[in-house]
Amino acid sequence: MTDLYYMTIEQLAPLIQSRQLSPVELTESILERIEQVDSIVNSYITVTPEVARSQARFAESEIMQGNYRGPLHGIPIAPKDLYFTKGIRTTFGSALYREFVPDYDATPVEKLLNAGIVLTGKVNLHEFANGETNVNVHYGNARNPWNSYHITGGSSGGSGAAVAAGTAIASIGTDTAGSIRIPSAMCGIYGLKTTYGRVSKHGVKGLCESLTCPGPMARCVTDLSIILQYIAGYDPKDATSAKARVDDYVSYLGKSIQGLRIGVIPEYFFDKANTDVAQLVKNALSGMESLGAQVVEVKIPELDMAMVTEMMTAGTEATVEHHETLTSDQKSQLQDDVRILFETGELVTGIQYARAQKARRLLLARFMEVYKDVDIIAAPTVPIPAPPFIENQTKLNLEVWNACTPFTCPANITGLPSLSVPVGLSSDRLPVGMQFFGKPFAEGTLLKAAYAYEQISPFKDIYNIEGKAISNSMSVGV
Amino acid sequence: MEQGYIEKVLKEAGIDVPDQDVPWIQYMVNNLEPIMPRLTPPYYKGSKIDQPWVFELLTFNWR
């Protein structure tokens, strides 16, 4: 039998509902797993065993009284540590907020708590989500469970590490330039960057107001669907929240992808990817063709503008948020690579920022043109598997940023949804991911495609099969 | 981008940039400079750039 900590919500929920498994037992399994491996993977900044045990006991009593709330009831979930949690410290991965305790819950957290989750703690991230390695000098680096000498990717690296290491059943992250999808790909899990406005950002200290999107990270597509179902929806407390209808996401799972048209853009994505990565993604697409999907080449020349558009937008908006820190003594408490990115953002001119906003509209318009011919677009999530830690954290972060951001940022600057699925292991036995881009608010289509692929993926049930191997790979790295 | 220019601009913004940061700022800027012209035509030419929905100061959202 699979260890409890490596089971999915899809597997656990029926056991909890039918009272074959107590949330208390499940929570103890997760806390024990944290005790066993988190000194190595460092997925958590704050573990909350007392809160978790109390919530688990309450969930158990509710269920025993016949008050089962739904598939998240009694499930241990750990949000990225930039979601406000009432009464629980929320650091944003920064030394500046080491003692900050919010007095309210972020809307996505509030919705998950109402669904009955157990909060096992707050997971690691790159400081202020401003980086893609999850090197963190304040709280320690998150390490990749597949090889702890390698990074998790970031900025939601603690979420990636926790879900892959079994220190949480699932997590919620945020994505400004790829921060959900990069660690999902590098840690071998599933991650969904939602459409801008789909999930409320109230109480979420995102990196950039017009780019950041919350979303779920989990070990299977069904779990993504379940979590999204609870966190999606309009929130009057968030001025950028959309009033778009919330789909029944789980209903998309298991539907045929016969005739689904998948666009690919070889020259922008595949030609620049590492050989292992490109081949594994091509294999995955062949598998989808065997299920009846059609893979067709499309062109989006405006993607050439993507990286500079992201940098002009993210650089400016992140720096606006942190300008007062940069101009005060507090600057010395920022880690080097984060401070340097903020300083670089100060150099963006008003003209560049304004042009970048035009470029976003143009790129979105081109995507919408292409979506007249295809349903989704597929690409490697990132061009490389997780690189190893090196001594110079600034060099590492800027190199990963320059390599990975061009692949992931098109979804951020257009606001479109994008879902990363694991497609196999590189020759170094590190996970590789494939991402689908979708139409606005068409998360259901992405989930349908990902679920269909998951059924034939070499990664299906990987944590049942490789769980022990992953545990053995957790050795202390740099 | 020259070190003196970076220091001057950041100084005017009230930021004392540490010496060690400058080469990395230059690294990032140098990576962007070759692609910076992509923020201007040719893509804008003949596009719908003059239509009202391409309004650069509109905060990005679906409304």
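Biologist: How much surface does chain B expose, and what share of it do carbon and sulfur atoms supply?

Modeller: This is a predicted model, so each value is computed from predicted coordinates. Chain B exposes about 4100 Å². Carbon and sulfur atoms supply 55% of that surface. For chain A, the accessible surface is about 14900 Å², with 49% belonging to carbon and sulfur atoms.

Biologist: What helices and strands should I look for in each chain?

Modeller: Begin with chain B, which has two helices and zero strands. Chain A has 14 helices and 12 strands. The radius of gyration of chain A is 20 Å, close to the 23 Å that the globule rule gives for 478 residues, so chain A is as compact as a globular protein of that length. Its C-alpha atoms fill a box of roughly 60 × 60 × 45 Å along the principal axes.

Biologist: What percentage of the residues is buried in each chain?

Modeller: A residue counts as buried when its relative accessible area is under 20%. By that cut-off, 68% of the 478 residues in chain A are buried. In chain B, which has 63 residues, the buried share is 29%.

Biologist: How should I read contacts between residues far apart in the sequence of chain A?

Modeller: Take the contacts in chain A with a separation of 6 or more. Residues 24 or more positions apart account for 78% of them.

Biologist: And the charges: how many positive and negative side chains does chain A have?

Modeller: There are 40 positive and 50 negative side chains in chain A. The centres of the two sets lie 4 Å apart.

Biologist: How many residues are in contact where chain A meets chain B?

Modeller: On the chain A side there are 55 residues, in contact with 38 residues of chain B. The area buried between the two chains is about 4000 Å², and carbon and sulfur atoms give 70% of it. Three residues of chain A stand out: A:Leu347, A:Lys358 and A:Arg361 supply 19% of the area that chain A buries against chain B, more than any other three residues.

Biologist: Why is helix α10 of chain A described as largely enclosed?

Modeller: Helix α10 covers residues 336-345, and nine of its 10 residues are buried, so the helix is largely enclosed by the rest of the structure. Among the buried ones are A:Val338, A:Ile340, A:Leu341 and A:Phe342, together with charged residues including A:Asp337, A:Arg339 and A:Glu343. The neighbours come from both chains: the buried residues pack against α9 (306-326) and α12 (393-414) of chain A, and against α1 (3-12) and α2 (22-32) of chain B.

Biologist: Now single residues. Where does A:Phe270 lie, and is it buried or exposed?

Modeller: A:Phe270 is in the loop between β8 (261-264) and α8 (275-290) of chain A. With a relative accessible area of 8%, A:Phe270 is buried. Setting aside neighbours within four places in sequence, A:Phe270 is in contact with residues including A:Val264, A:Val281, A:Leu285 and A:Pro380. A:Lys358, one of the interface residues, is 88 residues away from A:Phe270 in sequence and 27 Å away in space, C-alpha to C-alpha.

Biologist: Where is A:Tyr104, and what is its relative accessible area?

Modeller: A:Tyr104 also sits in a loop, between β2 (76-77) and α4 (107-114) of chain A. A:Tyr104 is partly exposed, at 30% relative accessible area. Outside four places in sequence, A:Tyr104 is in contact with A:Phe84, A:Thr85, A:Lys86, A:His202 and A:Gly203.

Biologist: What should I expect of phi and of peptide bonds?

Modeller: Most residues other than glycine have a negative phi, and most peptide bonds are trans. In chain A, A:Asn42 has a positive phi of about 55° although it is not a glycine. A:Asn42 lies in the loop between α2 (23-41) and β1 (44-47), and is buried with a relative accessible area of 16%. A:Phe128 has a positive phi too, near 55°. A:Phe128 is in the loop between β4 and α5 and counts as buried at 4% relative accessibility.

Biologist: Which residues does a cis peptide bond join?

Modeller: A:Gly154 and A:Ser155 are joined by a cis peptide bond, with omega about 15°. A:Ser155 lies in the loop between β4 (121-123) and α5 (157-165) of chain A.

Definitions and conventions:
Residues numbered from 1 in each chain as written. Chains lettered and ligands numbered in written order. Predicted model: local features only at pLDDT ≥ 70, side-chain atom pairs only at ≥ 80, totals over all residues. Heavy atoms only, no water. Helix = DSSP H or I, 4+ residues; strand = E, 2+ residues; numbered from the N terminus. Rg over C-alpha atoms; globule rule 2.2 N^0.38 Å. Buried < 20%, exposed > 50% of the residue type's maximum accessible area, 1.4 Å probe, protein only. Contact = heavy atoms within 4.5 Å. Areas by Shrake-Rupley, 256 points an atom, 1.4 Å probe, with all protein chains shown as cover. Charge placed at Lys NZ, Arg CZ, Asp CG, Glu CD. Buried area = accessible area lost by both parts, 1.4 Å probe.
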